[in-house]
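The exercises below concern backbone geometry, surface charge and model confidence. Please work through each one with the structure open before reading its solution.

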Amino acid sequence: MAVSVALLGDLVGSRTSADRRGLQDTLTAALDEVSDSIPPLHRLAVTAGDEFQGTYATLGEAVGTVLALRVRLEPSVGVRFGIGRGEVTVLNATTNTQDGPGWWAARAAIDYVSDSADDSGWTALRTAYRSADESDPLLDAVNAALVCQDLLVDSYDERSWSILRGMMAEKTQTQIAQEMGITRQAVQQRRSTGGMPMLLSAAQHLARLP
């Protein structure tokens, strides 16, 4: 078994959607786009129901994938994530069935996120990291960063997410404003009050995690 970083995702409240097929099409398109932009060891794919998964060589790639997917899906489609580092075994290469401590850690992480949603003051939590190695020196620091990221973007509405999408695509404020039909000053204000430059700076640091 090789040590990898497993990423497990689950749509929030999708069972009440009036357009299940459209929701699945949107999710599949986002998974394909992100798999192309941040190449995983095993491509992101829907597994059962509203869950999807992928595996990565580094923690930075997995954490970067979380933000990349949220940017493409939020705020209309909410997603929770569990990230787990540990040994991963491919049981069936044809169906991409996998198992091992890395996946058990990812499952523990996403279960923690789901359970925490019922606690007062924790409704913004969408992401957690667990490791099969309990002495993992990155565990606390990564979870602290993920909590801060989730808390920040929880305040974003569709306009803020659109501006963040443009920034991640390296578009200028003028280009973003023209596409959205608003002034450049409005983009600048949202960018500033939403802490977007700081968010993207933090994302760049996290992307370098081994």
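**Exercise 1: an unusual backbone angle**

Glu170 is placed in the loop between helix H5 (158-168) and helix H6 (173-180), where helices (H or I, at least four residues) and strands (E, at least two) are DSSP runs numbered from the N terminus. This is a predicted model, in which local features need pLDDT of at least 70, side-chain atom pairs count only at pLDDT 80 or more, and totals for chains, interfaces and linings use all residues. Residues are numbered from 1 along each chain as its sequence is written, and side-chain values use heavy atoms, with hydrogens and water left out.

Task: state what is unusual about the phi of Glu170, and decide whether Glu170 is buried or exposed.

Solution: begin with the backbone, where Glu170 has a positive phi of about 60° although it is not a glycine. Most residues other than glycine have a negative phi. Then turn to the surface: Glu170 is exposed, with a relative accessible area of 74% (buried means under 20%, exposed over 50%, partly exposed in between; 1.4 Å probe, protein chains only).

**Exercise 2: a peptide bond**

Task: find which residues a cis peptide bond joins, and give its omega.

Solution: the cis bond joins Glu74 and Pro75, with omega about -5°. Next, locate Pro75, which is found in the loop between helix H2 (59-73) and strand E4 (78-92).

**Exercise 3: confidence**

Task: determine where in the chain confidence is lowest and where it is highest.

Solution: start from the chain, whose mean pLDDT (the predictor's confidence in each residue, from 0 to 100) is 92, with 94% of its residues reaching 70 or more. Confidence is then lowest in strand E5 (residues 97-99), at a mean of 76, and highest in strand E6 (residues 127-131), at 98.
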